[in-house]
Amino acid sequence: EIPLCDWSSDVCSSDLAIVWNRGFIWSATVRINGLPVKGFDRLIDGDGAMRWKLLGLVPVMTASGPDIARSAAGRMAAELCWLPSILCSDHVSWTSSEASHANARLTVQGEAAELDLAVDGMGRVESVKMRRWGDPDGSGFRYADFGAVVEGEGTFDGYTMPTRLRAGWYFGTPRFETEGEFFRCTVDESEFR
């Protein structure tokens, strides 16, 4: 299944496509000081890459290689909240230490992942937390806490999923609020094929 999510805000419009056995592509146009920066993050068949250009011409971010692919696999694991059919499949094993938390274990493109989902009394996801490979502060790649606060949900094609969230590094610590959060989104549409 492929969920296609359209996000928009004052500074960004984007699309995300996820295919469980292949990877994902997130393409966006972000405005920085009013100027458009266009590009994508992707993980396709184990190959991770990021390419971003100011005005669609001047490269401002180009990255690829094993560390980028490994980090992108972690990102895809976290973004499976937008592909809930996979979370209900044989690819995922579930445990729970308490009623308000569910733990999902799975492997995405060779990278083991464990998601800690905090849920409310109605079963709505409140947050997703994991250890993700990355370099959040420029001091070298390593596992670091990563996660998202879910602030809204919606139902598309019969699947209920987060529609408004804040995500970033150092999740679950004060650093998340002061320096770790780097992404906020509202999902306007999602289509499953």
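**Aromatic contacts and a surface patch**

V58 is partly exposed in this predicted model, because its relative accessible area of 44% lies between the limits of 20% for buried and 50% for exposed. V58 is found in strand β6, which covers residues 58-64. On the surface, V58 joins L35, L55 and L57 in a nonpolar patch. Together these four residues offer about 380 Å² of accessible area.

Attention now turns to the aromatic residues. The structure holds seven aromatic pairs. One of them is formed by W133 and Y143, whose ring centres are 5.1 Å apart. The planes of these two rings stand at 75 degrees, so the pair is edge-to-face, the class for angles over 60 degrees. W133 lies in strand β10 (residues 125-134) and Y143 in strand β11 (residues 142-156), so this pair ties together parts that are 10 residues apart in sequence. W133 counts as buried, at 14% relative accessibility, whereas Y143, at 32%, counts as partly exposed.

F146 and W169 form an aromatic pair that is also edge-to-face, with 5.1 Å from centre to centre and 65 degrees between the planes. Here F146 belongs to strand β11 and W169 to strand β12, so the pair ties together parts that are 23 residues apart in sequence. F146 is buried, with a relative accessible area of 7%, and W169 counts as buried too, at 10% relative accessibility. Elsewhere, ring pairs link W26, W52 and F183 into a cluster.

Charged side chains also meet aromatic rings. The charged end of R70 sits over the ring of W133, at 3.8 Å from the ring centre; W133 is thus a residue with both an aromatic partner, Y143, and a charge over its ring. R175 lies over the face of Y170, and the distance to the ring centre is 3.8 Å.

A final look goes to G168. This glycine is placed in strand β12, which spans residues 159-169. G168 is buried because its relative accessible area of 0% falls under the 20% limit. Leaving aside residues up to four places away in sequence, G168 touches D145, F146, G147, F176, G180, E181 and F182. Among these contacts is F146, the residue that pairs with W169. G168 and A148 are 20 residues apart in sequence, and their C-alpha atoms are 6.5 Å apart in space.

Definitions and conventions
Residues are numbered from 1 along each chain as its sequence is written. This is a predicted model: local features need pLDDT of at least 70, side-chain atom pairs count only at pLDDT 80 or more; totals for chains, interfaces and linings use all residues. Side-chain values use heavy atoms; hydrogens and water are left out. Helices (H or I, at least four residues) and strands (E, at least two) are DSSP runs, numbered from the N terminus. Buried means under 20% relative accessible area, exposed over 50%, partly exposed in between (1.4 Å probe, protein chains only). Contact means heavy atoms within 4.5 Å. Patches are made of residues with over 30% relative accessible area and no salt bridge: like charges are joined within 9 Å, nonpolar side chains (Val, Leu, Ile, Met, Phe, Trp, Tyr) within 5 Å. Accessible areas come from the Shrake-Rupley method with a 1.4 Å probe; for residues, only the protein chains shown count as cover. A salt bridge is a side-chain nitrogen of Lys or Arg within 4 Å of a carboxyl oxygen of Asp or Glu. Rings of Phe, Tyr and Trp (its six-membered ring) pair if their centres lie within 6.5 Å; planes under 30 degrees apart count as stacked, over 60 as edge-to-face and the rest as tilted. A charge sits over a ring if NZ of Lys or CZ of Arg is within 6 Å of the ring centre and within 35 degrees of the ring normal.
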